[in-house]
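Q: I have a model open and would like to go through it with you. Could you take me around, one topic at a time?

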Amino acid sequence: MKNFADLVAFHGHACGGLALGYKACELAAEKLDLHFSEDEEIVAITETDSCTVDAIQVLLGCTAGKGNLFVHNWGKTAFSFYRRDTQTSIRLVAVPDAVPKNTRMVELRPKIMDGSATPAEDEEFHRLAHAHVDEILSLPAEKLFTIKEAVQPLPQEAKIYNNVVCSVCGEQVADGLAKQIEGNYICIPCQMRK
Ligand SMILES: [Zn+2]
Ligand SMILES: [Zn+2]
């Protein structure tokens, strides 16, 4: 499995969400004996669209492009992982308050965001953020997540479509996603413009 530095290179910064996603992948990989998914052998369904999701893409190969990553913006730090070959699955749900809150970071964040932090505050924030990431990475994954059964059914494999031409905009569109009216195809954006 790739390491945390690989994740940071992909994501752009080190953060608590990325660290938590790393731990989720670590636990899922251990429980289901997962390896990087070159095709669609592994499927992930996330219940959040946070930084955590990028860890799953890099570590387990469940990606937006391959159709084996389903991201729901439900605001819940919960992830379901499935293995197609063994039909085994797991759902990991973040334990509330398992990651201790750093009140000083919470206090400084708005200042960092709007650029009003002094250089000293900026330095302090980044030092705390770094320690926060290290703290999450050092915690046992079992302390961070409750292991549950996956409740959502395993999604079907990605479909392969043929291309047709939209009768309204003249652009190419996958036939399975276009609406067919009296033999003419209409793409989704053109349906929405009507
Ligand atoms: Zn992040
Ligand atoms: Zn169109």
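**Helix ends, metal sites and cores**

A: Let us start at a helix end, keeping in mind that this is a predicted model: glycine 115, which comes just after helix 4, takes a positive phi of about 80°.

Q: And what caps the N-terminal end of helix 4?

A: That is asparagine 102, which has a side-chain oxygen 3.1 Å from the backbone nitrogen of arginine 104, while the helix itself covers residues 103-114.

Q: Switching to metals, what coordinates the zinc ion (ligand 1)?

A: The zinc ion (ligand 1) is held by His11 (NE2), His13 (NE2), Cys15 (SG) and Cys51 (SG), at 2.1 to 2.3 Å, and these donor residues have the sequence spacing H-x1-H-x1-C-x35-C.

Q: Where do histidine 13 and cysteine 51 sit?

A: Histidine 13 is in the loop between helix 1 (4-11) and helix 2 (16-32), and cysteine 51 is in the loop between strand 1 (42-46) and helix 3 (52-60), so the pair ties together parts that are 38 residues apart in sequence. Histidine 13 is partly exposed, at 38% relative accessible area, and cysteine 51 is partly exposed too, at 27%.

Q: Is the site of the zinc ion (ligand 1) tetrahedral or irregular?

A: It is irregular, with angles of 92 to 137° among the four donor atoms; the upper value matters because a tetrahedral assignment requires all angles to lie between 85 and 135 degrees.

Q: What about the zinc ion (ligand 2), which residues coordinate that one?

A: Cys166, Cys169, Cys187 and Cys190 do, each through SG, at 2.3 Å, and they follow the spacing C-x2-C-x17-C-x2-C along the chain. The site of the zinc ion (ligand 2) is tetrahedral, with angles of 100 to 118°.

Q: Are cysteine 187 and cysteine 190 buried or exposed?

A: Both cysteine 187 and cysteine 190 are buried.

Q: OK, packing next: how many residues has the largest nonpolar core?

A: It has 33 residues, and those with the most contacts inside it are Leu7, Leu34, Ile56, Phe81, Leu92 and Phe145. Helix 2 gives the most to this core, with ten residues. Apart from it lies another core, of seven residues, which include Cys166, Ile186, Cys187 and Cys190.

Q: Which residues is phenylalanine 81 in contact with?

A: Leaving aside neighbours within four places in sequence, the contacts of phenylalanine 81 include Ala24, Ala28, Leu32, Val43, Ile56, Leu60 and Ile90.

Q: Last one: what does UniProt list for residues 10-146?

A: The unreviewed UniProt entry lists "domain: Formylmethanofuran dehydrogenase subunit E" there; in the model, that span is 47% helix and 17% strand, and its end C-alpha atoms lie 27 Å apart.

Conventions
Residues numbered from 1 in each chain as written. Chains lettered and ligands numbered in written order. Predicted model: local features only at pLDDT ≥ 70, side-chain atom pairs only at ≥ 80, totals over all residues. Heavy atoms only, no water. UniProt positions renumbered as here; feature names shortened; annotations may be inferred. Helix = DSSP H or I, 4+ residues; strand = E, 2+ residues; numbered from the N terminus. Donors = N, O, S within 2.8 Å, 3.2 Å for Na, K, Ca; no water. Tetrahedral: all angles 85-135°; square planar, octahedral: opposite > 155°, others 65-115°. Buried < 20%, exposed > 50% of the residue type's maximum accessible area, 1.4 Å probe, protein only. Polar contact = N/O pair within 3.5 Å; in protein donor to acceptor, adjacent residues only side chain to side chain. Core = buried A, V, L, I, M, F, W, Y, C linked by side-chain atoms within 4.5 Å. Contact = heavy atoms within 4.5 Å.
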